[in-house]
Amino acid sequence: MASPKFQALRGTRDILTPDSERHRALVDVFAEQCRLAGYGHIMSPIFEDLGVFLRVGESTDVVTKEMYDFEDKDGRRIALRPELTASVVRAFVQHNPTNLPWKAWYEGPQFRHEKPQAGRYRQFSQVGIEVLGSNDPQVDVEVIALAWRFYQELGMQEVSLLLNSLGDDACRPAYFEALETYFRDRSGELSEASQETLDKNPLRVLDSKRSEDQSIIAEAPLMVDHLTAETAEHFAAVRSGLEALAISYVISPRLVRGLDYYTRTTFEFASTALENAQNAVGGGGRYDGLAESLGGKPTPGIGFALGVDRILLACDAEGVFPGPVTTPDVFIVDLTGGQQATVLADELRNAGIAADRGFDGRSLKAQMKVADRSSAALALIIGEDELASGAVTVRDMRGDSGQTQVPRTDLIGELTTRLGR
Ligand code: AMP
């Protein structure tokens, strides 16, 4: 067949059943963890004023190079969200809730104009949480623990937690100076892109994945060696909380994350079941200055985002979380024209029995083939005889218990028993 004129754009995908069902089931598992921990659901717009994102990452690739931004018909600069933290914090500032800490969870698509490859798409899905209004290191522990428990609920075993502290405004000047001096001394050896990044934000150079930068980055001064006593104490409390929950972590002093707003606790989850380049299945951290930079009162915050598409790849690699079975309970084969199936399907669905049916007045053989393909447990056959006697033939599609005629009036009771409801 010739390829169709229109196809999903590069880096985007149609997710069809059963994969789509699995995707939804994953979000349900996440939603349940959020409910258990007292997080409310937030649904914010998919597009925002471009400024919302410019505020949060002017020296990052996500914001400067990968954003889907455009002018709308009113001449406003708009961006499809590349991530949700900025949107959620914008919403927090706008609605100014008084019940702090304010705990929200979300799910949905994000958009980044990246080079598509396995596990890296231009439209991808995330689930995540944000907590605003508390400095307490126990919040950091709760946030990390929620992600950890979620991975466990999916059955994932091969997830490692990388942990760092990026310090705060009190620790940063001295560290930035040390870092900048170090990189400037060796700037000739850095890649051209990193030399440019250095002018904007020396911290971001640490995030370079370019091979020529790696040996220089490896010897760069570390933030964890420049923390003030207060921040060091905060970080120690986070570590101790994780230990109390038996959540193992690896201190990763060069972990900086892809956006500018992070302060203090930062973390990433990597799946060791996935290829190295695309093995991050989630990440997050504190962003104590973000609410203020979006025009709100100074409010500490912390959160994470986990990549749904990539988590499902990791689940495949581990052979876990197969997703729900979505076959109908019964398949109705109507040999009397089709209206009987319409009425019966309606009645069964109303009684909570999943019923699919044949269309187009096809032959018994053709409809039975579709019934078979549907993997329904039972076929319900209505022919002229059944219609005349007010019955339905119930055929077992899985075992070999044959078929029986059941009076129409007893049908729901009979099906409920046979389906083990
Ligand atoms: P980030 O905030 O950029 O670290 O993103 C959080 C998580 O989203 C990552 O750990 C990935 O699992 C996922 N993610 C980020 N970008 C993409 C992408 N382009 N395609 C698929 N998943 C992504």
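**Strand β12 and its sheet**

Strand β12 spans residues 330-334, and 5 of its 5 residues are buried, so the strand is largely enclosed by the rest of the structure. Buried here means under 20% relative accessible area. Keep in mind that this is a predicted model.

Look at the side chains next. Val330, Ile332 and Asp334 point one way from β12. Phe331 and Val333 point the other way. Both groups are buried.

Now find the neighbours. Strands of a sheet pair through backbone hydrogen bonds, either parallel or antiparallel. One partner of β12 is strand β13, residues 355-357. The two run parallel and are joined by 3 bridges. Within this pair, Val330 has Ala355 as its bridge partner. Helix α13, residues 339-350, belongs to this part of the picture too: β12, α13 and β13 form a right-handed β-α-β unit.

Strand β14, residues 378-382, is also a partner of β12. Here 5 bridges join the strands, which again run parallel. Ile332 is bridged to Leu380 of β14, and Asp334 to Ile382.

Step back to the whole sheet. It is open, has 5 strands, and follows the order β13-β12-β14-β15-β16. Its pairing is mixed. Strands β13 and β16 (403-407) stand at the edges. Each has a single partner strand, so one side of each is left without a neighbour in the sheet. From one strand to the next, the twist averages 30 degrees.

Finally, a helix packs on this sheet: α16, residues 411-418. Helix α16 touches β12, β14, β15 (391-396) and β16. The direction of α16 makes about 10 degrees with that of β15.

Technical notes. Residues are numbered from 1 along each chain as its sequence is written. This is a predicted model: local features need pLDDT of at least 70, side-chain atom pairs count only at pLDDT 80 or more; totals for chains, interfaces and linings use all residues. Side-chain values use heavy atoms; hydrogens and water are left out. Buried means under 20% relative accessible area, exposed over 50%, partly exposed in between (1.4 Å probe, protein chains only). Helices (H or I, at least four residues) and strands (E, at least two) are DSSP runs, numbered from the N terminus. Two strands pair if DSSP finds at least two bridges between them. A crossover is right-handed if, with the strands pointing away from the viewer, the path from the first strand over the helix to the second runs clockwise. Axes are lines fitted to C-alpha atoms, for helices over the stretch in contact, and angles run from 0 to 180 degrees between N-to-C directions. Contact means heavy atoms within 4.5 Å.
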